[in-house]
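Please open the model in your viewer and keep the selection tool at hand. We will go from one selection to the next, with a short account of what is there.

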Protein chains: 8
Amino acid sequence: MQLTVYLAGEIHSNWREEIKTKAEERKLSLTFVSPQTNHDRSDNVGEDILGKQPGSLYKDDAASDINNFRTQVLMQKSDIVIALFGEKYKQWNTAMDASTAIAMNKPTIIIRPESLIHPLKELSNKANVTVESVDQALDVIGYIYE
Amino acid sequence: MQLTVYLAGEIHSNWREEIKTKAEERKLSLTFVSPQTNHDRSDNVGEDILGKQPGSLYKDDAASDINNFRTQVLMQKSDIVIALFGEKYKQWNTAMDASTAIAMNKPTIIIRPESLIHPLKELSNKANVTVESVDQALDVIGYIYE
Amino acid sequence: MQLTVYLAGEIHSNWREEIKTKAEERKLSLTFVSPQTNHDRSDNVGEDILGKQPGSLYKDDAASDINNFRTQVLMQKSDIVIALFGEKYKQWNTAMDASTAIAMNKPTIIIRPESLIHPLKELSNKANVTVESVDQALDVIGYIYE
Amino acid sequence: MQLTVYLAGEIHSNWREEIKTKAEERKLSLTFVSPQTNHDRSDNVGEDILGKQPGSLYKDDAASDINNFRTQVLMQKSDIVIALFGEKYKQWNTAMDASTAIAMNKPTIIIRPESLIHPLKELSNKANVTVESVDQALDVIGYIYE
Amino acid sequence: MQLTVYLAGEIHSNWREEIKTKAEERKLSLTFVSPQTNHDRSDNVGEDILGKQPGSLYKDDAASDINNFRTQVLMQKSDIVIALFGEKYKQWNTAMDASTAIAMNKPTIIIRPESLIHPLKELSNKANVTVESVDQALDVIGYIYE
Amino acid sequence: MQLTVYLAGEIHSNWREEIKTKAEERKLSLTFVSPQTNHDRSDNVGEDILGKQPGSLYKDDAASDINNFRTQVLMQKSDIVIALFGEKYKQWNTAMDASTAIAMNKPTIIIRPESLIHPLKELSNKANVTVESVDQALDVIGYIYE
Amino acid sequence: MQLTVYLAGEIHSNWREEIKTKAEERKLSLTFVSPQTNHDRSDNVGEDILGKQPGSLYKDDAASDINNFRTQVLMQKSDIVIALFGEKYKQWNTAMDASTAIAMNKPTIIIRPESLIHPLKELSNKANVTVESVDQALDVIGYIYE
Amino acid sequence: MQLTVYLAGEIHSNWREEIKTKAEERKLSLTFVSPQTNHDRSDNVGEDILGKQPGSLYKDDAASDINNFRTQVLMQKSDIVIALFGEKYKQWNTAMDASTAIAMNKPTIIIRPESLIHPLKELSNKANVTVESVDQALDVIGYIYE
C-alpha cells in the first residue's frame with residue numbers, strides 16, 4: 001500500500017532529506033510532499049509571480065496566497081501528516097498545518113524536542129502521536145506495514 | 001504527482017488551448033477538464049437531447065440540466081479549479097463555478113483583468129489566488145512542483 | 001416556526017424594505033438579515049477599520065475581508081437565502097452568495113427579471129425556485145406556512 | 001441577533017475584560033466564552049482532577065485533555081472566533097485554535113501587533129480578517145449589526 | 001425536550017390529524033411539520049405562483065420547485081421523520097423523503113401496512129424502525145421520553 | 001477519463017445490457033455497476049447466506065441487509081448514478097437509490113416513460129437530468145466527453 | 001450556558017441519579033439525557049410495541065431498532081457525552097455509544113475503574129478525558145464554567 | 001473492481017489467514033488490511049518506539065497512540081469493514097472499530113457466535129449485515145461481484 005506523507009514544519013534544517021533517505025533504506029512505500037523549503041523563494045513567491053507589492057504586509061500576503069494554495073493541494077492528496085517543530089522560530093505555520101490536518105481527520109505525527117513539551121502540550125494531545133526524532137516517526141509509520 | 005484542473009469561465013476566447021500548450025511546454029503533469037466550449041452546442045444541448053422545448057426559458061432550463069450535470073461530474077474529479085473572467089458578458093456561470101469550488105474546498109485560482117478588480121473583490125478575496133494572466137496561473141500551479 | 005432569511009443581491013434599490021414590509025403585512029414569522037446596503041460604507045469599510053491602504057486593489061481587498069466575514073456569519077444563521085439580480089451591474093457577489101448558499105444546502109430562491117433568463121440559466125437551474133418579483137418570493141415562503 | 005464569540009489566545013493580559021467592557025459600551029448583543037485564563041489552574045487542572053502524575057510530560061498531557069475538552073465544547077457553541085497573538089510566548093495554542101476554527105468554517109478574526117505580520121502571514125491569510133487592536137475587532141463585529 | 005417531527009407521506013387520508021391529536025393526548029412535547037396536504041394546491045402551486053406553464057410537464061416541474069423548497073426547509077428543522085405509506089398510489093415522494101432523511105442522519109420511522117412489507121423491504125431495512133400504525137409510531141417516539 | 005456508473009432501477013427488463021452495448025459502440029470509457037438483477041437471487045440471498053428465516057418479513061429483512069450492503073459499496077465507488085423507472089411495480093428501491101445518490105451529491109440521471117411524469121415530478125426536479133430513453137441517458141454522459 | 005449531556009453506559013447501578021444530584025448541588029446548568037435504564041423495558045420494547053417476535057434474535061433486533069432510534073435522537077441533541085464502564089457485563093453498547101460520539105465530534109468523557117485501563121486503552125485514547133469517578137467527570141464539566 | 005477490506009477484531013485466532021485463503025480460492029479481488037495481530041507487539045509498541053513509560057497506564061496510552069494511528073490510516077483506505085467478535089475477552093476495540101466504521105459510512109459486516117446475539121444486539125442492528133462465520137462474510141462480499 002502506497003501512502004502519501006505531507007512533511008509540515010521547519011524549513012531551516014535538512015530533516016526532510018533525512019526522512020526520505022531513511023524511508024528508502026527501510027523500503028517503506030511512501031511518497032513525500034512538502035511546503036516550499038527554499039525560504040527566500042517562499043517569502044518572495046508573491047512578488048515573483050504577482051509583481052512588486054507596496055510594502056512588506058502586502059508582499060507577505062501575496063506570498064501567503066500562493067503558499068496556502070500549495071499546502072491545500074498537497075495536504076488534500078496526503079494520507080498522513082508529519083509536523084516537525086524545532087527549537088527556534090515561531091513556527092505558527094507548523095502549528096497551523098498540524099491543526100488543519102487534525103481537523104481534516106488526517107492521521108498526524110508531531111516531532112518536537114523535549115524542551116517544547118510544555119508549549120506544545122495541547123496540540124500534542126490532539127495529534128495521534130508525538131515523538132522526538134525522525135527515526136521514531138518512521139517507526140510509527142513503519143508499524144502500519146508490519 | 002498528476003493533478004486534474006477544471007478550467008471554468010469564458011468560452012469566447014482560446015485561453016484553454018493556451019493554458020494546455022503552455023503547461024506542456026513547462027512539462028507540468030496536469031490533466032485539464034472544462035465545460036462545453038462550443039457555445040451553440042452548450043445553448044442547444046437541452047433541445048438536442050430532450051427535443052424541442054416550448055420557449056426559450058424551457059430550452060435554457062433543459063440545457064442547464066445537462067451543463068450542470070457535466071460540471072458536477074468534472075469538478076468532483078478535479079484537484080484544482082481555475083476560473084477566468086474576461087471583460088465582456090455577465091459570466092455568472094464563472095462566478096457560480098468559482099464559488100462552488102471554494103465551498104467544496106477545491107483550491108481555486110481566479111484570472112481577471114485589472115479592470116475587474118472592483119466588481120470581483122469579494123470573490124477574489126475568497127479564492128486562494130487571483131492573477132491577471134494564464135502565465136501567472138501556471139506559475140502558481142508550477143510552484144507546487146518546485 | 002420562526003425562519004431567518006438572508007437577502008443577497010442588489011443594494012441599489014429598496015427591495016429589502018419592500019420585502020420586509022410585505023412579509024409583515026402577510027404576518028409571516030420571518031427575520032431578515034442582509035449584507036451592508038450602504039454602498040459607500042461597504043466599499044470603504046476596509047479603510048474605515050484598518051486604515052488607509054496603498055491603492056484601490058488593497059482598499060478593495062480590505063473591504064472584502066470584512067464584507068465576507070459579515071456574510072459568512074449571517075448566512076450560517078439563515079434558514080433560507082433569497083438572491084435578487086437586477087438589470088444593471090455585474091453582480092458577481094449575488095452569484096457568489098447564491099452559489100455558496102446552494103453548496104451549503106440552504107434552500108435558495110432567485111429573483112430576476114425576464115431579461116436575465118439566459119445568462120442566469122445554470123444558476124437558476126441549481127437554485128430551488130426562480131421568480132420575477134418580491135411578491136412571488138414571499139408567495140413561495142408563505143407556502144411553507146400554509 | 002445574539003452571537004457567541006470564542007476568545008482564543010493570550011492569557012497573560014486582560015484583553016478579554018477589555019473586549020467585554022467595550023462590547024457592552026457599544027451595546028452589541030454578544031456572549032463571550034474563553035479558555036481557562038488562570039494560567040496556574042490551566043497548567044494544573046490535570047493533576048487537580050486526575051491526581052499526581054509521574055512527571056511533567058504526563059502532568060501536561062492530563063491538563064491538555066481537559067483544556068482541549070473545554071475548548072471543543074465552547075468553540076462548537078460559538079458563531080465567531082477571535083484569536084489574539086501577543087509579542088511574547090510561543091502561543092501555539094492560539095495558532096491551533098485559530099486554525100481549527102477556520103477548518104470548522106467559523107468566521108475568524110486575528111488580532112496581532114505589527115511586529116508579527118511576517119511570522120503569522122499564512123494564518124492571517126486564511127482567517128477572515130486580521131486587525132491590530134481589540135477596538136478594530138469590535139468594529140468588525142459591530143459591522144454585522146449595522 | 002421539545003422535538004420537531006416531519007410527517008412525510010400519504011396526503012389522501014387524515015393520519016396527520018390523528019397523530020397530532022394522539023400526541024397531545026399523550027402529552028408528548030412534539031411540533032409537527034408536513035408537506036402541503038391539499039393535493040390540488042400542491043399540484044397547482046407552480047402555476048399559482050409562477051403563472052401558466054406550457055404543458056403538464058412544465059406545470060409539474062414548477063410545482064416541484066416549490067414543494068421541494070418547502071420540504072427542504074422543514075426537514076432541515078426536524079429532529080425526527082415519520083414516513084407513512086398507504087396501499088394506493090406510487091408514493092415515490094414518500095420514498096424520496098424517507099431516503100433523504102436517512103441520508104441526512106435524521107432518525108426515521110416508516111409506517112406501512114403488512115401488504116407492503118416486500119416492496120418496501122430495503123427502505124425499511126435502512127430506516128430506524130418500521131411499524132404498522134400511527135399508535136406504534138407514537139409508542140416509539142414516546143419511548144424517548146420514558 | 002474513466003467514469004463508474006451505477007445503474008439503479010428496474011430489474012425485469014434488459015436495459016442494463018442495452019446501455020452497456022451502446023456505451024461500447026460509442027466508445028465511452030464507462031464502467032457499469034448494478035444491484036443484483038437476478039430477482040430470485042435478490043429475494044433469497046438472505047436465506048441463501050444466513051439460513052431459513054421464520055417468515056417472509058424476516059426473510060425479506062435478511063435479504064435487504066445484503067442488498068443494501070451491496071448497493072452502499074458500489075454507489076460509493078460510482079461517479080454517476082442512472083435510475084430507470086418502468087411502468088410496472090412499486091419501484092421504491094429505485095426511488096430510494098436515486099434519492100440517496102442525490103443526497104450524496106452523486107450526479108444523477110432519471111430515465112422514465114412519459115406516463116410517469118406526474119408521480120415522479122419532485123424526484124425528477126431534484127435529479128440533474130430526466131430523460132425518456134437509454135439513448136438519451138448516454139447522450140447526456142457522452143456530452144461530458146465532447 | 002446551558003449544556004445537554006448524554007449519559008451512556010451501565011444501567012445496573014444508579015450513577016445517573018448520582019450525577020444529576022451532584023450537578024444540582026454544584027449548580028451546573030446541565031440537562032441530562034440517557035438511554036432507557038429500565039433493563040426489562042429496554043429488552044422488551046421491541047415486542048412491547050411491534051408484537052411477539054419468532055425467537056430471541058428477532059426480539060433483540062426489534063428492541064434494538066427502537067433503542068438505537070432513541071439514542072440517535074438524544075445524542076444528536078447533546079453537547080457532551082459521558083460513557084461509564086463498570087466491572088461487569090460486556091457493555092458493547094457503551095463502547096458503541098462512546099465511539100459514535102467521538103466520530104460525531106461530540107466532546108466525550110469516559111468513566112472507568114482502574115481495573116479496566118488495559119482493555120479500554122484505545123478507546124480512552126480517542127476520548128477527550130478518562131476519569132475514575134462521577135465526581136471527576138463533573139469536575140471536568142464544571143471546569144467549562146470556571 | 002478491487003476492494004480493500006479492513007479486518008477488525010479478535011487477534012487470538014487465525015481467522016484473518018482463513019479469510020485471505022478463502023478469498024483467494026474464490027478469486028475475489030480483495031486487499032485485506034488489519035490491526036497489529038502480534039499481541040505482544042501491539043501492547044509494547046508504545047514503549048518500543050517512545051521508550052520506557054512510568055507505569056502501565058502510561059505504557060498502554062503510548063501503545064494506543066500508535067495503534068489508533070495505524071487503524072485510522074488503514075480504515076480510511078478501506079471500502080468495507082469486517083469486525084469479528086469471539087467468545088472471550090472484552091473486545092472493546094472491536095466494538096470501537098465497528099462503530100467508527102459505521103459512523104464513517106463504511107459498509108460493515110459483523111461476525112459473531114450465536115452466544116453473543118444479545119450483548120451485541122444494538123451494534124448488529126446498526127451494522128449492514130451480521131453473520132456467524134468467515135464463510136458467510138465472504139458470501140456477502142462475493143455477492144457484490146455476482
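Begin by selecting D43(A) and K121(D), whose side chains meet in a salt bridge with 3.3 Å from N to O; a salt bridge here is a side-chain nitrogen of Lys or Arg within 4 Å of a carboxyl oxygen of Asp or Glu. Before going further, note that this is a predicted model, in which local features need pLDDT of at least 70 and side-chain atom pairs count only at pLDDT 80 or more, while totals for chains, interfaces and linings use all residues. Residues are numbered from 1 along each chain as its sequence is written, chains are lettered from A and ligands numbered from 1 in the order in which they are written, and side-chain values use heavy atoms, with hydrogens and water left out.

**Chain D against chain A**

Now show chains D and A together, where 32 residues of chain D are in contact (heavy atoms within 4.5 Å) with 32 residues of chain A. The area buried between chain D and chain A, that is, the accessible area (1.4 Å probe) that two parts lose on being put together, summed over both, is about 3,000 Å², and carbon and sulfur atoms give 54% of it. Select W92(D), E122(D) and N125(D) next, for these supply 24% of the area that chain D buries against chain A, more than any other three residues.

Between chain D and chain A the count is 2 salt bridges, and there are 24 residue pairs in polar contact, both residues at pLDDT 80 or more. A polar contact is a pair of N or O atoms within 3.5 Å; within protein, one must be able to donate a hydrogen and the other to accept it, and residues adjacent in sequence count only if both atoms are side-chain atoms. On the side of chain D that touches chain A, at least two residues each come from α3 (56-76), α4 (92-103) and α5 (121-126) of chain D, where helices are DSSP runs (H or I, at least four residues) numbered from the N terminus. Colour α3(D) by itself, since the largest share of that side, 8 residues, comes from α3(D).

**Chain A against chain B**

Which residues meet in a salt bridge between chains A and B? Select K77(A) and D79(B), whose side chains do so with 2.9 Å from N to O, in an interface whose count is 2 salt bridges. The contact takes 19 residues from chain A and 21 residues from chain B, and the two chains bury about 1,700 Å² between them, 62% of it on carbon and sulfur atoms.

With both chains still in view, consider that chain A can be laid on chain B with an RMSD of 0.0 Å by a turn of 90° and a shift of 0.0 Å along the axis, the copies being superposed by least squares on the C-alpha atoms of residues with pLDDT of at least 70 in both. The two copies are therefore related as by a four-fold rotation axis. In chain A, the C-alpha nearest the axis belongs to K77(A), at 9.0 Å from it.

**Helix α2 of chain B**

Finally, select helix α2 (residues 39-50) of chain B, whose buried residues (under 20% relative accessible area, 1.4 Å probe, protein chains only) are S42(B), D43(B), V45(B), G46(B), E47(B) and I49(B). The buried residues of α2(B) pack against α3 (56-76) of chain B, α5 (121-126) of chain C and α6 (134-145) of chain F. At the start of α2(B), a side-chain oxygen of N38(B) reaches to within 3.1 Å of the backbone nitrogen of D40(B), and α2(B) is followed by G51(B), whose phi is positive, near 95°.

Key:
Buried < 20%, exposed > 50% of the residue type's maximum accessible area, 1.4 Å probe, protein only.
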